[in-house]
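These notes are meant for a colleague who is opening this structure for the first time. They go point by point, and each point is best read with the structure in view.

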Amino acid sequence: MNFLQTALAFAVCLGSLIIFHELGHYLVARWCGVKVLRFSVGMGKVVWSRRFGRDQTEWAVSALPLGGYVKMLDAREGDLGDLPAEELKREFTRQNVWKRIAIVAAGPLANFLLAIVLYAGLYLHGVEEPTSKISVRATEAAAAAATAAAAPSAAWSAGLRSGDVVTAVNEQPVAVWSELRWNLMQAAIDKTEARIAVERAGQGRFTFVLPAAALAAQDLEGDVPGKLGLGVARPAPVVEEVLAGGPAARSGLRKGDLLLSVDGVPVADGIAFIEIIRNAAGKTVQVAVRRAGQQLALAMVPQAEQAKTGKGTVTVGKISAYIAQLPDMITVPSSPLAAVGKAVARVWDTSVMSVKMIGKMITGEVSLKNVTGPITIADYAGQTARMGAASYLSFIAFISISLGVMNLLPIPVLDGGHLLYYSLEVLTGRSVPERFGEIAQRLGIGLLLTLMLLAVFNDVARLL
């Protein structure tokens, strides 16, 4: 079921982005008077098609689903000698350079516009998210409390403490966890310090500084706040329900018990407790709890069960009890004008971050492991679809921005490569020599194939 859901989520995500991108090219081409011969979703051999409209444009679905194209009347693709003069006027290369620039740029711009519409809709509706209240891990080690020699985490060293509510990062207002994470990512990419303003219950407002060195050390893969020692603040690990006949019930655990430690290791929240239990399948553990003001020690043996993860099937421990773990949530709807403004700013910031990431990968400052392909995109599409409509639409918006940025790169065969040619034509008054274009085209195809192979390699490496 999960596989089918992931496949469907990926198909909807990719299909909608391809269609919007190509519709951008198609609509502006028609507006500029250029004849469109085919609109294809997919590449390669046409497997289904129908013709519509005055121009009898062929609307097609092709065999390879990773892409699409709009085929216009173009002298470079065949002999146009038999066409009447009225039709020749609608040929692509006969249009002035500004019309050609508009047609080529319309595809990426359509992706940016789609992202703005999706984000604006989400901001207008309001998205329920964890607040910016944080938990702070004292040390870098995952099992920190059991390792006295572990180095302090960057967040702990800076002075941040669990329960702090972050209000701003580098003077950018913060209300929810995603905004906090976003600003930390930007500081890590720019290799600058992060000045974090917080409110501490009963003590007032403070500002702490995560040094540039700590942020620059992050490879930007995975959970950057987590690597700095920051997490979403979660409630105290209180038992919400105990299922009859399970390991928890047999040990004497009851609803309302506050979990204190497991085998002497303090438990900060429900997530930490669950993680310890998952790794203790079939082993006897001593769980310290507080009940009605008294501290008790309960011995329990987590039951071994098989669970599917991204790395395959693994054995995990379960005790048949529910522990409080949901963080404080907040829904902040925006006015229509504010929603559009926030959406435009989000698309711009994401685009700038993407360009910076690409630049740092080229210079070697960021690992090439960050290049992802269709397998990873499909996985995230499935995950976000299972999380809900808001998460899924936000993911589609992010991928739409990435597609727009990717297509604007000055690589021959991409829209950005053609825009580079036309920009040179504007500057020099002459079109790029045909021979130069052919050589650049081959180089561009080679570069794209290399990037695709790298992306697939990284995808497979993550799975393994």
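1. Please keep in mind throughout that this is a predicted model. The sheet discussed here is made of β13, which covers residues 285–291 and is joined to β14 by 7 bridges, together with the other members of a four-strand arrangement that is open and runs in the order β12-β11-β13-β14. The pairing in this sheet is antiparallel, and one position at which the register can be checked is V287, whose bridge partner in β14 is L298.

2. Which strands stand at the edges of this sheet? They are β12, at residues 265–266, and β14, at residues 294–300; each has a single partner strand, so one side of each is left without a neighbour in the sheet. Helix α9, residues 270–278, packs on the sheet and touches β11 (258–262), β12 and β13, while its direction makes about 45° with that of β11.

3. Turning to the aromatic side chains, the count comes to 5 aromatic pairs. One of them is formed by Y26 and W59, in an edge-to-face arrangement with 5.0 Å from centre to centre and 65° between the planes. This pair links distant parts of the chain, since Y26 belongs to helix α1 (residues 2–31) and W59 to strand β2 (residues 57–72), and the two are 33 residues apart. Y26 counts as buried because its relative accessibility is 10%, under the 20% limit, whereas W59 is partly exposed, with a relative accessible area of 23%. Ring pairs also bring in F39, so that Y26, F39 and W59 are linked into a cluster.

4. A stacked example is the aromatic pair of F206 and F208, with 6.1 Å from centre to centre and 25° between the planes. Are these two rings buried or exposed, or something in between? F206 counts as partly exposed at 30% relative accessibility, while F208, at 14%, counts as buried.

5. Two arginines lie over the faces of tryptophan rings, and both can be inspected directly in the model. R161 lies over the face of W156, at 3.6 Å from the ring centre, and R346 lies over the face of W182, at 5.6 Å from the ring centre.

6. The structure holds 11 salt bridges, among them the one between D55 and R90, in which the closest N and O atoms are 2.6 Å apart. D55 is in the loop between β1 (36–52) and β2, and R90 is in the loop between α2 (85–88) and α3 (97–125), so that the pair links distant parts of the chain, 35 residues apart. D55 counts as buried at 12% relative accessibility, and R90 likewise counts as buried, at 13%.

7. Where in the chain do E425 and R100 lie? E425 is in helix α13 (residues 415–428) and R100 in helix α3, and the pair links parts of the chain that are 325 residues apart. Their side chains meet in a salt bridge, at 2.9 Å from N to O, and both E425 and R100 are buried.

8. The side chains of E305 and K318 also meet in a salt bridge, at 3.8 Å from N to O. E305 is in strand β15 (residues 303–309) and K318 in strand β16 (residues 312–318), with their positions 13 residues apart in numbering. E305 is partly exposed, with a relative accessible area of 29%, and K318 is partly exposed as well, with a relative accessible area of 38%. Elsewhere, R38, R51 and E58 are linked in a network of salt bridges.

9. Finally, two residues deserve a look for their backbone angles. K191, which is found in the loop between α5 (177–190) and β7 (194–200), has a phi near 55°, a positive value in a residue other than glycine; at 30% relative accessibility, K191 counts as partly exposed. S320, which lies in the loop between β16 and β17 (321–323), has a positive phi of about 60° although it is not a glycine, and at 26% relative accessibility S320 counts as partly exposed.

Note on methods
Residues are numbered from 1 along each chain as its sequence is written. This is a predicted model: local features need pLDDT of at least 70, side-chain atom pairs count only at pLDDT 80 or more; totals for chains, interfaces and linings use all residues. Side-chain values use heavy atoms; hydrogens and water are left out. Two strands pair if DSSP finds at least two bridges between them. Contact means heavy atoms within 4.5 Å. Axes are lines fitted to C-alpha atoms, for helices over the stretch in contact, and angles run from 0 to 180 degrees between N-to-C directions. Rings of Phe, Tyr and Trp (its six-membered ring) pair if their centres lie within 6.5 Å; planes under 30 degrees apart count as stacked, over 60 as edge-to-face and the rest as tilted. Buried means under 20% relative accessible area, exposed over 50%, partly exposed in between (1.4 Å probe, protein chains only). A charge sits over a ring if NZ of Lys or CZ of Arg is within 6 Å of the ring centre and within 35 degrees of the ring normal. A salt bridge is a side-chain nitrogen of Lys or Arg within 4 Å of a carboxyl oxygen of Asp or Glu.
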